[in-house]
Amino acid sequence: MFTILALCTGNATRSILAEAIVNRDGSDRVCAFSAGSNPIGVVHPAAAILFERRGIALNGYRSKSWAEFAAPGAPEINLIITLCPAVAREAAPRWPGRPLRTHWPIDDPATAPPDQIDLAFQLAYHQLSARINRFLALPVERMSRSDLSRELLQISRG
C-alpha cells in the first residue's frame, strides 16, 4: 500500500481534506494520513459540513501533530505533500522510510471572509481533488522514484 502524509500547519482544513479525498478515491492502492506542525486540535466546522455534503464520514479525521508520524511504530510514509507555504519551509521531523516530497500550494479556505467561506472550501476541495486524482491515475506501484518525482512536479504546476 502506498502511503501519503498531507501536511499543513494547523491540520484543520487542507490537509484533512486531502486525507479524506485520498482515502475515499485511493481504493486499496493508496491511503493517506494528515498532520500539522502546530495542530489546532479540531477539524474546521466548514470542512465537516463539506464532508457531509460529499458523503464522507467524519469519524476518524482529527487534527494531530506531525510528531505522531515520526514516532517509533509510525506507518512508513511514501510521499509527503505540503499544502501551505509555512509548513513547507519548516524543519520537519525525520520520517520513517524515505518519503518523496512535493508541495501543492492551496489557499487556506479558513481565511476567507465569512460570507465566502463555503465557496473557499469548495474551491480548495476541487483543487485538491483534481491533483489527487491525477496522482491516483499514475501507476505509482511500478514507477521509479525519479519518474514519480517528475510527475509530482507536473501535478504541482497544475
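A helix, as the word is used here, is a DSSP run of at least four residues, and helices are numbered from the N terminus. Helix H5, which covers residues 145-156, offers a case where this matters: Asp147 and Arg150 stand three residues apart in helix H5, and therefore about one helical turn separates them. In the predicted model examined here, the side chains of these residues, Asp147 and Arg150, meet in a salt bridge with an N to O distance of 2.2 Å. Asp147 counts as partly exposed, because its relative accessibility is 34%, a value that lies between the limits of 20% for buried and 50% for exposed.

This pair belongs to a set of seven salt bridges held by the structure, and two further members of the set connect distant parts of the chain. In one of them, Arg14 forms a salt bridge with Asp108, with the closest N and O atoms 3.8 Å apart. The two residues are 94 residues apart, since Arg14 lies in helix H1 (residues 14-25) while Asp108 lies in the loop between strand S4 (100-103) and helix H4 (117-136). Arg14 has a relative accessibility of 8% and so counts as buried, whereas Asp108, at 25%, counts as partly exposed.

In the other, Arg29 forms a salt bridge with Glu141, and the closest N and O atoms of this pair are 2.7 Å apart. Here too distant parts of the chain are linked, for Arg29 is placed in the loop between H1 and strand S2 (30-36), Glu141 is placed in the loop between H4 and helix H5, and their positions lie 112 residues apart in the count along the chain. Arg29 is partly exposed, with a relative accessible area of 26%, and Glu141 likewise counts as partly exposed, at 47% relative accessibility.

Helix H1, which contains Arg14, is also part of a larger arrangement of strands and helix. Strand S1 (residues 2-8) and S2 run parallel and are joined by seven bridges; within this pairing, Cys31 in S2 is the bridge partner of Thr3. Between the two strands the chain passes through H1, and the resulting β-α-β crossover is right-handed. At 1.5 Å a residue, the 12 residues of H1 should span 16 Å, and the end C-alpha atoms of H1 are indeed 16 Å apart, so the expected and computed spans agree. Just after H1, Ser27 takes a positive phi of about 50 degrees.

Both H1 and S2 are mostly covered: nine of the 12 residues of H1 are buried, as are six of the seven residues of S2. The buried residues of H1 include Arg14 and Glu19 alongside Ile16, Leu17, Ile21 and Val22. Among the elements that cover the buried residues of H1 are S1, S2, helix H2 (45-53) and H4.

One of these buried residues, Glu19, is in contact with Lys64, a residue of the loop between H2 and strand S3 (79-82). Lys64 itself counts as buried, because its relative accessibility is 6%, which falls under the 20% limit. When neighbours within four places in sequence are left aside, the residues in contact with Lys64 are Asn11, Glu19, Ser34, Ala35, Gly36, Pro39 and Phe69.

Methods: Residues numbered from 1 in each chain as written. Predicted model: local features only at pLDDT ≥ 70, side-chain atom pairs only at ≥ 80, totals over all residues. Heavy atoms only, no water. Salt bridge = Lys/Arg side-chain N within 4 Å of Asp/Glu carboxyl O. Buried < 20%, exposed > 50% of the residue type's maximum accessible area, 1.4 Å probe, protein only. Pairing = 2+ DSSP bridges. Right-handed = clockwise from strand over helix to strand, strands pointing away. Expected span 1.5 Å × (residues − 1). Contact = heavy atoms within 4.5 Å.
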